[in-house]
Amino acid sequence: MNASPAEELLDVVDERDEVIGTLPRGEVYARGLRHRCAFVLVRDASDRVFVHRRTASKLLFPSLYDMFVGGVVGAGESYDAAALREAEEELGVRGLPRPVPVLSFLYDDGPGGRGSWWSRVYEVRCDLPVSPQVEEVAWHAFLTEEELERRLGEWTWVPDGLVAWERLRSARG
């Protein structure tokens, strides 16, 4: 295991999501290189959405709110494997059902941003008691979609999560 998240190896990909190289996460972020991420929308037995605030120590978007768990896809790792790994890690559970892929898109953080990444959005139901990873999650709750929508204008959200949320809502009609 790597000593820090910045040393984790990531696949660098092109506009078609084909691997063109492998570099440490810190370098990928510093140079704004295109990579891969998995986003997992987690619902509980009451159909509420897991929402959390990221810790201040996160390399990307520290202390912001997110309606997805997930993260970067490691070098040589599949999106599906990353989605399950990241969801179990962040929620602090084992035995989660395999997240179901819903949509993919190329996120671009715009001029002066952090770059772009291929993003695959998943959904999963978690009926297990969660114990979120303290290194990743500073606060969490399960919110109804109505509560989440109310908070969109009140809290500062990760920008890629907001785009993924909008795309997911649009895909559902």
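This section describes the confidence, nonpolar cores and salt bridges of a predicted model. Local features were restricted to pLDDT of at least 70 and side-chain atom pairs to pLDDT 80 or more, while totals for chains, interfaces and linings use all residues. Residues are numbered from 1 along each chain as its sequence is written, and side-chain values use heavy atoms, without hydrogens and water.

The protein chain has an average pLDDT (the predictor's confidence in each residue, from 0 to 100) of 93, and 98% of the residues score at least 70. An unreviewed UniProt entry annotates residues 33–173 as "domain: Nudix hydrolase".

The largest nonpolar core (buried Ala, Val, Leu, Ile, Met, Phe, Trp, Tyr and Cys residues joined through side-chain atoms within 4.5 Å; buried means under 20% relative accessible area, exposed over 50%, partly exposed in between, with a 1.4 Å probe and protein chains only) comprises 31 residues. Met67, Phe68, Val121 and Leu148 have the most contacts inside this core. A second, separate core of 20 residues includes Ala82, Ala87, Val93 and Tyr122.

The whole structure contains 22 salt bridges, defined as a side-chain nitrogen of Lys or Arg within 4 Å of a carboxyl oxygen of Asp or Glu. Arg43 pairs with Glu123 at a closest N and O distance of 3.7 Å; the two residues are 80 residues apart. Arg43 is buried, at 8% relative accessible area, whereas Glu123 is partly exposed at 21%. Asp47 and Arg125 form a salt bridge at 3.4 Å, and Arg172 and Glu145 form one at 3.8 Å. These six residues, Arg43, Asp47, Glu123, Arg125, Glu145 and Arg172, are linked in a network of salt bridges.

Terms used. UniProt positions are given in the numbering used here, feature names are shortened, and annotations may be inferred rather than shown by experiment. Helices (H or I, at least four residues) and strands (E, at least two) are DSSP runs, numbered from the N terminus.
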